[in-house]
Amino acid sequence: MTGLDAPAGLADGADLAAVRAWCADALVSLDRRDAPLVRLAHAELRRQRGTLNLVAAASPTLPAALVAHALLFSSVTAEGYAGGRYHPGTEVVDQVEQLARGRAERLFGAPHANVQPLSGSAANLAVLYGLLDPGDTVLALELDHGGHLTHVSRGASIAKRVTASYYEVDERGLIDHAALAVLVKQVRPRLLICGGSAYPRQLDFAAFRAAADEVDALLMADVSHVSGLVAAGAHPSPVPHCDVITTSTYKQLCGPRGGLLLRGASSRLDARALDRAVFPGFQGTPDFGGIAAKAVALGFAARPEFAAAMRRVVRYARTFAGALADHGVPVVSGGTDSHLVLADLRAVAVTGRQVADVLRRLGVLVNMNLVPRDPRPAAETSGIRIGTNDLGFRRVGDAEVAELARATAAVVAEVAGGGRPDAVVRGSRGRDLAGCVAGITARGYREDWRQGGAVA
Ligand SMILES: Cc1ncc(COP(=O)(O)O)c(C=O)c1O
């Protein structure tokens, strides 16, 4: 084991003292230079402490990852990869990158990881620009059926370079693999993409692989939304089935803004081709501070406490879906297998925007979201998307989450039933929900998330 692999909490006393002194100095310097920013940081701290972030694309970033991001690594400018950098002075960040890569590979059981993508979008676009030829056909989940902009959606620049086709969910809100297999044979894509941003059910990677194999297509999984569940074994892994896997590192891995790219276990793609797709294909210098923060988050995601949190996340999401349905608000696909619940407001005369706004005023953050075949525009929507990642790391139990879900559902039903926003916020149901939020936020996050355990 090298010094840099040493378990957390076992850093040499001199190392810790030097880094601590640097941090203290940096904080004083920020305060002297930019008091308005320090005030804003405090305001943000209060805001975060007083709200429940049920945005499905978010997980609470580990404090240790935020600090790792803020250390000196972001000061290093260097293109390329260890052993082939274009700038000097990289002997330490080479090891930081190696640490993050190794942890990603071990966590997901993947033969190769690239930790340089600056975001999940950048990871996707690196693959699409780097591995496809102009005019190649790509088949991906339709945006308003739960796909993502970077999956060659009509608004994305990549859609102009390739021939984009889309598959949809069926009337139940599920991917119909028999129908998809037929479509794949018609469209004959060079690349099939699975994964998305608003699909609540498990992804059947083996079925996607079988469809792709029929036409010799490459298969890419974007598991940005469920990478924490995958890491924890609470969702099937794409690694045995897909050629390339991408993910954001902040959505469910409690890490920094950033992305990650993995090579599948039996991928036809060469690891060097994937690396080249990222640099020089799509990006310049990586953010080594971000890579250090990814290393911290990936280390935490390998711990049993993280796996336990992910199991709670799925349980709480099922509780939410059930509470909404019990209060007359259907959910797309009739439930969830993940952290994500997509409430369908089509049957009631209210928009996702209106509901999300009332919930925000009561301290519950969710986003408005299109539902499949939504008659409303994206700026209004007929759905709200609820995620339980945040709750999985908080000091809450099942009974309290059930109470929160019931109170949220009651507010959603009241708004959906025509209640005026001000009246709902001030009324008994609004006060009930605000009380639940205050009770949960007052206790904050679990100790294992705040302090973390040693990283193996
Ligand atoms: C499925 C999916 N992929 C990629 C992204 C983009 O991730 P990032 O914000 O890291 O660019 C998102 C974010 O919304 C997403 O939902």
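The following dialogue considers a ligand site and a pair of packed helices in a predicted model.

Visitor: How many residues surround the ligand, and which are the closest?

Guide: A residue belongs to the surroundings if one of its heavy atoms lies within 4 Å of the ligand. Here 13 residues surround the ligand, and the closest are G120, S121, D222, Y250 and K251. By class, the shell divides into one nonpolar, ten polar and two charged residues.

Visitor: Which helix gives the most to the shell around the ligand?

Guide: Helix α5, residues 120-131, gives the most, with three residues.

Visitor: What should one look for as a polar contact with the ligand?

Guide: One looks for a pair of N or O atoms within 3.5 Å. In this model, a polar atom in the side chain of D222 is 2.5 Å from a ligand nitrogen. The side chain of S121 places an N or O atom 2.6 Å from a ligand oxygen, and for the side chain of S248 the distance to a ligand oxygen is 3.0 Å. On its own the ligand has 390 Å² of accessible area, of which the protein covers 85%.

Visitor: At what angle do helices α11 and α14 pack, and in which handedness do they cross?

Guide: Packing is read from the two helix axes. For α11 (residues 304-326) and α14 (residues 398-416), the angle is about 35° and the axes are 8 Å apart. The crossing is right-handed.

Visitor: Which residues of α11 meet α14?

Guide: On α11 they are R315, Y316, T319, F320, A323 and L324. Their partners on α14 include D398, V401, L404, R406 and V412. The contact has ten nonpolar, two polar and three charged residues.

Note on methods: Residues numbered from 1 in each chain as written. Predicted model: local features only at pLDDT ≥ 70, side-chain atom pairs only at ≥ 80, totals over all residues. Heavy atoms only, no water. Polar contact = N/O pair within 3.5 Å; in protein donor to acceptor, adjacent residues only side chain to side chain. Areas by Shrake-Rupley, 256 points an atom, 1.4 Å probe, with all protein chains shown as cover. Helix = DSSP H or I, 4+ residues; strand = E, 2+ residues; numbered from the N terminus. Nonpolar A, V, L, I, M, F, W, Y, C, P; charged D, E, K, R; others polar. Axes fitted to C-alpha atoms, helices over the stretch in contact; angles between N-to-C directions. Left-handed = near helix turned anticlockwise from the far one by under 90°. Contact = heavy atoms within 4.5 Å.
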